[in-house]
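Please look through the structure shown here at your own pace, and then follow the paragraphs below with it open beside you.

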Amino acid sequence: MSDWADSAQPGDVYRLVFDLTARATDVPYESFVTELVEAMCAHYHASACRLHLGHSTKAVATADPGNALGKLDRNERARFDTIDAMLADAVRKDGVLRTALDLDGGDEICNYLRRVLGSEESFAFPLITRGQAFGAVTLYPTEAYPFTEADVRGLQAIGNVLHAARHQTGPGLIGSNPIHVTSEKLRAYQEHLEEIGRILDELIFLTAARNVLLLDVNGDFIAKRGEESDFSASSFATLVASSFAACRRLGGIYGATDMRSTVHEGDEGNVFVMEVSDRALLCVVYGDHEAPSLLARWSASAANRLSDKYESLLEARLL
Amino acid sequence: MTRGHGPDRTVFYAREIHQMNLVLGKFLQKSGAETVLLVDVAGHLLTRQGAQSPASEDTITALVAGNCAASRAMATMLGTQEFSSCIRRGGGGHLLLLPAGDGMLAVAFGDDTSVSLVRTYALEAVRRLNPILTRELGDPATGEERIEKDRFEAEIDDALTDVFG
């Protein structure tokens with residue numbers, strides 16, 4: 001195993017996923033899938049990486065940084081495409097990580113991939129959202145990489161982002177049927193709320209949370225996204241704000257000067273609360289999450305973006 | 001004996017407080033936490049073990065009770081039983097709040113011990129505290145105690161050793 005592989009930490013994959021998904025909403029879908037496979041190639045020192053979505057045997061994006069695939073002749077390329085499609089198909093069927101050794105004739109396939117791509121091991125990750133595999137990422141690393149549970153969990157988190165981007169049900173829901181208002185002040189207010197709504201939509205798709213709420217630090221409800229719930233959002237907002245205020249004061253007593261978040265953990269659900277610009281609270285209600293630390297980082301990223309919007313609402317004297 | 005002022009305040013006897021202290025002392029010893037406070041639902045301090053708190057304990061217990069009430073109501077709304085809260089404190093470490101009986105257990109600990117380790121020991125301590133808090137062992141005032149003091153100490157010591165090693 002190389003020095004690089006020895007030094008690889010489980011948390012590294014979360015940074016990769018975070019960096020990728022943080023850009024998911026800023027670039028066109030086609031560019032995002034290309035960036036995804038290129039970033040994975042670079043992270044895992046792979047000679048090739050491909051993304052498969054749906055049941056198509058053809059990859060939607062391919063990264064080939066050393067032009068190893070480009071140098072293959074027609075027959076070799078066809079053979080590689082077949083192996084790649086078989087790997088993707090295997091993980092789509094049962095939704096678990098697979099290697100080339102799991103395929104029929106695994107030893108022969110591994111020898112072939114080692115010869116043409118210099119790949120020590122070949123992996124295929126399932127992309128899962130809402131409990132179903134809808135695609136796969138195939139990876140051909142040139143060095144043996146110590147894949148951990150964190151790698152599998154982190155990479156599966158990408159599934160939510162791709163699923164949302166592919167089905168076009170994510171950001172922009174509010175703006176799909178806007179109500180035209182005549183007042184300039186109301187129009188500005190509407191625009192800011194639409195922006196806030198988009199950020200909340202993006203966060204809920206990234207985290208697969210049940211609900212995301214934005215509320216004033218005094219407990220006044222501002223916006224909510226996610227599942228329909230039985231409880232009153234404004235009552236819940238009041239409780240979140242009072243709990244956060246008590247927690248912040250307790251943290252202050254014990255010396256915390258920059259306490260920005262708290263987490264409440266229960267059997268059936270969890271609540272992550274993060275401060276936004278000293279004036280608002282971002283509240284994420286979620287069930288079992290594969291990577292809570294990733295959820296915290298996504299929430300922090302959303303809180304920073306919301307902070308800008310909130311400041312502009314205050315500057316415009318709209319709040 | 002701790003006497004209550006309001007009709008809803010539970011009265012605990014010295015023997016019960018001693019039993020709680022035994023459980024909490026063992027918890028501190030095993031988990032490596034700095035301080036543990038047991039607070040009732042109204043914000044009264046039942047007992048404390050470990051280092052002195054950095055501020056007035058009345059303030060701390062009132063805040064713990066406030067958080068307890070809010071998080072319990074949030075948990076009910078979400079259909080879950082109870083919430084435990086974890087707060088990052090200054091200079092490293094955390095403050096962990098766990099429901100215990102009608103009240104709450106507040107544990108302060110440094111970065112030298114992990115949240116999950118403290119949570120595991122704290123949950124076991126809460127399990128041991130619940131029979132005392134709910135008087136399942138009998139009301140000392142009515143003489144219906146089923147376990148004698150010396151025997152209780154020995155039994156709880158053995159039981160905690162079994163669990164914590």
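**A sheet and helices shared by two chains**

In this predicted model, helix α2(B) lies across strands from both chains, namely β8, β9 and β10 of chain A together with β1 (35-39), β2, β3, β4 (94-100) and β5 (103-109) of chain B, and α2(B) runs at about 65° to β1(B). These strands belong to an open sheet of 10 strands, whose order is β7(A)-β6(A)-β10(A)-β9(A)-β8(A)-β3(B)-β4(B)-β5(B)-β1(B)-β2(B), with antiparallel pairing. At the edges stand β7 (221-226) of chain A and β2 (45-50) of chain B, each of which pairs on one side only, and from one strand to the next the twist averages 15°.

Where do the two chains meet within this sheet? β8(A) is joined by four bridges to strand β3 (residues 84-88) of chain B, the two strands running antiparallel, and along this pair A:His264 stands opposite B:Ser85. Within chain A, strand β9 (residues 270-276) is linked to strand β10 (residues 280-286) by seven bridges, again in antiparallel fashion, and here A:Glu275 is found opposite A:Leu281 of β10(A). Helix α7 (residues 184-207) of chain A also lies across part of the sheet, covering β6 (211-216), β7 and β10 of chain A and running at about 40° to β7(A).

The chains also meet through helices, for the axes of helix α8 (residues 233-253) of chain A and helix α2 (residues 57-78) of chain B come within 9 Å and cross at roughly 150°. Angles over 145 degrees count as roughly antiparallel, and α8(A) and α2(B) are therefore roughly antiparallel to each other. Their crossing is left-handed. Among the residues that make this contact are A:Phe236, A:Leu239, A:Ala246 and A:Ile253 of α8(A), and B:Ile60, B:Leu63, B:Ala70 and B:Met77 of α2(B). Sorted by class, the contact between the two helices has 13 nonpolar, six polar and one charged residues.

How many residues does each chain bring to the contact between the chains? Chain A gives 27 residues and chain B gives 29 residues. On the side of chain A that touches chain B, the elements giving two or more residues are α8 and β8 (261-265), and the largest share, 11 residues, comes from α8(A). By class, this side of chain A has 14 nonpolar, nine polar and four charged residues.

Technical notes. Residues are numbered from 1 along each chain as its sequence is written. Chains are lettered from A and ligands numbered from 1 in the order in which they are written. This is a predicted model: local features need pLDDT of at least 70, side-chain atom pairs count only at pLDDT 80 or more; totals for chains, interfaces and linings use all residues. Axes are lines fitted to C-alpha atoms, for helices over the stretch in contact, and angles run from 0 to 180 degrees between N-to-C directions. Angles under 35 degrees count as roughly parallel, over 145 as roughly antiparallel, 65 to 115 as roughly perpendicular and the rest as oblique. A crossing is left-handed if the near helix is turned anticlockwise from the far one by less than a right angle, and right-handed if clockwise. Two residues are in contact if their C-beta atoms, placed from the backbone, lie within 7 Å. Ala, Val, Leu, Ile, Met, Phe, Trp, Tyr, Cys and Pro count as nonpolar, Asp, Glu, Lys and Arg as charged, and the others, Gly among them, as polar. Two strands pair if DSSP finds at least two bridges between them.
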